[in-house]
Amino acid sequence: MAKSANLYARIEPEVKEQAEAILNALGIPASNAITMFYKQVILQRGLPFEVKLPEHPLDVSRMTVEQIDSELEKGYSKMNAGQSIPAKQAFDDIRGELAV
């Protein structure tokens, strides 16, 4: 079927740039990715992925003092058990993911 319909959408420039950089690395034009998404919407009869809020968002502004203390205790326990990574490595990983 010939492609004859146009789609216009407003999107944040940073989101567009980051997504297109990934799509370019995969060799997929943005228009093909959008077509793939639409076809999956049709096949799934809805969004082709789960859309929900995280079960445990750590929004300090909405946490009680007890909840904050509990999260800090969990982090401290994991650190003592060797189940953590150095902060520099964590921030390097985050920066690397954002630079994609």
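**Salt bridges**

I began with Lys 74, which in this predicted model forms a salt bridge with Glu 71, the closest N and O atoms being 3.0 Å apart. Looking up where the two residues sit, I found both in helix 3, which covers residues 65-80, and they are three residues apart there, about one turn of the helix. I noted the general point that an α-helix has 3.6 residues a turn, so residues three or four places apart point the same way. I then checked the accessibility of each partner: Lys 74 is partly exposed at 45% relative accessibility, and Glu 71 is also classed as partly exposed, at 29%.

Next I looked at Asp 92 and Arg 95, whose side chains meet in a salt bridge with an N to O distance of 3.7 Å. I asked myself how far apart Asp 92 and Arg 95 are in helix 4. They are three residues apart in that helix, which runs over residues 87-98, so about one helical turn separates them. Asp 92 has a relative accessible area of 36% and is partly exposed, while Arg 95, with a relative accessible area of 53%, is exposed. I also recorded that Lys 88, Asp 92 and Arg 95 are joined into one network by salt bridges that share partners.

A further pair I looked up is Glu 50 with Lys 52, a salt bridge in which the closest N and O atoms are 3.2 Å apart. Are Glu 50 and Lys 52 buried or exposed? I found Glu 50 exposed, with a relative accessible area of 63%, and Lys 52 exposed as well, with a relative accessible area of 55%. The search of the whole structure finds five salt bridges.

**Aromatic rings**

I turned to the rings and found that the count comes to two aromatic pairs. Phe 37, Tyr 38 and Phe 49 form one aromatic cluster.

**Helices 1 and 2, and what follows them**

For helix 1, I compared the expected span with the one in the model: its 14 residues, at 1.5 Å a residue, should span 20 Å, and the end C-alpha atoms are 20 Å apart, so the two agree. Just after helix 1, I noted that Gly 27 takes a positive phi of about 75 degrees.

Helix 2 has 15 residues, and I read a reach of 21 Å from its first C-alpha to its last, close to the 21 Å expected at 1.5 Å a residue. Which residue takes a positive phi just after helix 2? I found Arg 45 there, with a phi of about 60 degrees, and I marked it because this residue has a positive phi although it is not a glycine. Arg 45 is found in the loop between helix 2 and helix 3, and at 78% relative accessibility I list this residue as exposed.

**Pockets**

I looked up the largest pocket and found a volume of about 530 Å³. Its lining holds 13 residues, and those that lie nearest the centre are Lys 3, Ser 4, Ala 5, Ser 31 and Thr 35. By residue class I recorded seven nonpolar, four polar and two charged residues in the lining of this largest pocket.

Since Ser 4 is among the residues nearest the centre of the largest pocket, I followed that residue further. Ser 4 is found in the segment before helix 1, and at 69% relative accessibility this serine counts as exposed. I also took a distance from Ser 4 to Glu 97, which is 93 residues apart from it along the chain, and the C-alpha atoms of the two are separated by 36 Å.

The second largest pocket has a volume of about 310 Å³. I listed its lining residues, among them Leu 7, Ile 11, Val 15, Lys 16, Glu 20, Leu 23 and Ile 34. Helix 1 (13-26) and helix 2 (30-44) are the elements that give two or more residues to this lining. Which element gives the most to the lining of the second largest pocket? I found that helix 1 does, with five residues. By class, the lining of the second largest pocket divides into nine nonpolar and three charged residues, and I found no polar residue in it.

Terms used
Residues numbered from 1 in each chain as written. Predicted model: local features only at pLDDT ≥ 70, side-chain atom pairs only at ≥ 80, totals over all residues. Heavy atoms only, no water. 1 Å grid on protein atoms, 1.4 Å probe; cavity = no way out; pocket = protein on both sides within 12 Å on 5 of 7 lines; lining within 4 Å. Points joined across faces, edges and corners; volume = space filled by probe spheres on them. Nonpolar A, V, L, I, M, F, W, Y, C, P; charged D, E, K, R; others polar. Helix = DSSP H or I, 4+ residues; strand = E, 2+ residues; numbered from the N terminus. Phe/Tyr/Trp six-rings, centres within 6.5 Å; stacked < 30°, edge-to-face > 60°. Salt bridge = Lys/Arg side-chain N within 4 Å of Asp/Glu carboxyl O. Buried < 20%, exposed > 50% of the residue type's maximum accessible area, 1.4 Å probe, protein only. Expected span 1.5 Å × (residues − 1).
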